[in-house]
Amino acid sequence: LNYFLKGISADGSEIEYCLFTKRSRSSVSDMFSVYREFYRFLGINRDFLNCNVNSLTGLNIKNKEINLPLNQKSSLYSGRNEVPKYISAQEYKDIINYVRNNIVDKERRLRDECIIRIMFEGGLRIGEVLGLTLEDCKIEKVEKGSEEVEICDVYIRNRATDKKWQCAKTCMNIFDKKMYCSNEYTVKNVGYQLSFLNMDTYDLICEYIDIAHDRAYKKCRERYNKCAKADSVDSKEENYYLFINSLGRPLSIATWNSELREIYRAVGIKVDFGRRENNLSHRFKHGFAMRLIYDLKMPIEEVMRRTRHSCVSSLLVYYNPTTEQILEMKQEIENEALAIRRVDITKGE
């Protein structure tokens, strides 16, 4: 079925499929979600779902192993429930409270809270967060009405020293240090992107830097200078990656995922090991977009600017209202329609 939906032609011992329609992985995943809901509605038990695929389809595919994507294995075969696609504002508060009250080590506590706040408040992907360096967070004064307030600009950009898990996929890829001098590298939304944080988060980042980097410099200076050092593109001063582990190396995606998974379980948030877009860190970016759209009701143009999207279609991927939110919006529309109808009746009378 997976091959059929994706449009992969297969030669069987009895049947041959020559398919011309191709579907993306996301489209196929949506279809499997519908199938799973139908199975639940019918009350089909786990034993049926674990039966041999070939016995159901009557198709024996030669020299091809039918492998469902991991997310379909975990949800369709093991009976796991669908996980939420984004972190809500309440879940975000629960996570922050857990980090503050249950992580004993102050350095790790500050680091985890900083990373979570940057993802949820700034809308950064985890790779963009782990790729931040000491020179990427800068204070800017902006006018707000008649007052002048400070905000923290976060520069998202790639460097030649970045590891795979530190890359910002929406920014210019860097293969040589000479590329820092190119015109494209200094152009917003081409060479770099810009996000914003409030001053409370910036102060927390500064507190973390004072503790973590001072500790790494004193206790494991050689490894710290060798592994955590990053290219500097704004000055000639030494630059280091912002988030580091206990050994003075840049924090890896594997280590962070392991820690975040523990936090999710402690808070009571479901974890699906199979789907990256629904799992772990990426839920914070979805939560950032949903907060702008659903909670703050920002105009779509402003949401696109804040989420750093160039078109509406790419932004809509992050619009994932829950069933409760859909019903609430439906009720609001019905109430507005009813109010208009009552006004019309009153005018008619």
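**Close-up 1. Residues around the largest cavity.** Glu128, Gly131, Leu132, Asp136, Tyr155, Ile156, Arg157, Gln166 and Ala168 line the largest cavity in this predicted model. The volume of this cavity is about 30 Å³, and the count of cavities of 30 Å³ or more comes to one. By residue class, the lining divides into four nonpolar, two polar and three charged residues. Strand β4 (residues 147-157) gives the largest share of the lining, with three residues. Keep β4 in mind, as the next views return to this strand.

**Close-up 2. The three-stranded sheet.** Here three strands form an open sheet, and their order is β3-β4-β5. The pairing in this sheet is antiparallel. β3 and β5 (192-197) are the edge strands, each of which pairs on one side only. From one strand to the next, the twist averages 40 degrees. As a friendly reminder for anyone tracing the backbone, strands of a sheet pair through backbone hydrogen bonds, either parallel or antiparallel.

**Close-up 3. The hairpin of β3 and β4.** Strand β3 (residues 137-144) and β4 run antiparallel and are joined by eight bridges. Two partners to look for are Glu140 of β3, whose bridge partner in β4 is Ile151, and Ile139, whose bridge partner in β4 is Cys152. The two strands form a hairpin with two residues between them. Take a moment at the turn: Gly145 has a positive phi there, of about 70 degrees.

**Close-up 4. Where β4 meets β5.** On to the next pair of strands: β4 and β5 pair in the antiparallel sense, over six bridges. Ile156 has Gln193 in β5 as its bridge partner. You have already met Ile156 in the first view, where this residue is one of those that line the largest cavity.

**Close-up 5. The contact of helices α6 and α11.** We now leave the sheet for a pair of helices. Helix α6 (residues 89-102) packs against helix α11 (residues 253-267) at an angle of about 110 degrees, and their axes are 10 Å apart. Angles of 65 to 115 degrees count as roughly perpendicular, so α6 and α11 are roughly perpendicular to each other. From α6, the residues in the contact are Asp94, Ile95, Tyr98 and Val99. They meet Ile263, Tyr264, Ala266 and Val267 in α11. Seven residues of this contact are nonpolar, none is polar and one is charged.

Technical notes: Residues are numbered from 1 along each chain as its sequence is written. This is a predicted model: local features need pLDDT of at least 70, side-chain atom pairs count only at pLDDT 80 or more; totals for chains, interfaces and linings use all residues. Side-chain values use heavy atoms; hydrogens and water are left out. On a 1 Å grid over the protein atoms alone, a cavity is a set of points where a 1.4 Å probe fits but cannot get out, and a pocket is an open set with protein on both sides within 12 Å along at least five of seven lines; lining residues have an atom within 4 Å of a point. Grid points are joined across faces, edges and corners, and a volume is the space filled by probe spheres set on the points. Helices (H or I, at least four residues) and strands (E, at least two) are DSSP runs, numbered from the N terminus. Ala, Val, Leu, Ile, Met, Phe, Trp, Tyr, Cys and Pro count as nonpolar, Asp, Glu, Lys and Arg as charged, and the others, Gly among them, as polar. Two strands pair if DSSP finds at least two bridges between them. Axes are lines fitted to C-alpha atoms, for helices over the stretch in contact, and angles run from 0 to 180 degrees between N-to-C directions. Angles under 35 degrees count as roughly parallel, over 145 as roughly antiparallel, 65 to 115 as roughly perpendicular and the rest as oblique. Contact means heavy atoms within 4.5 Å.
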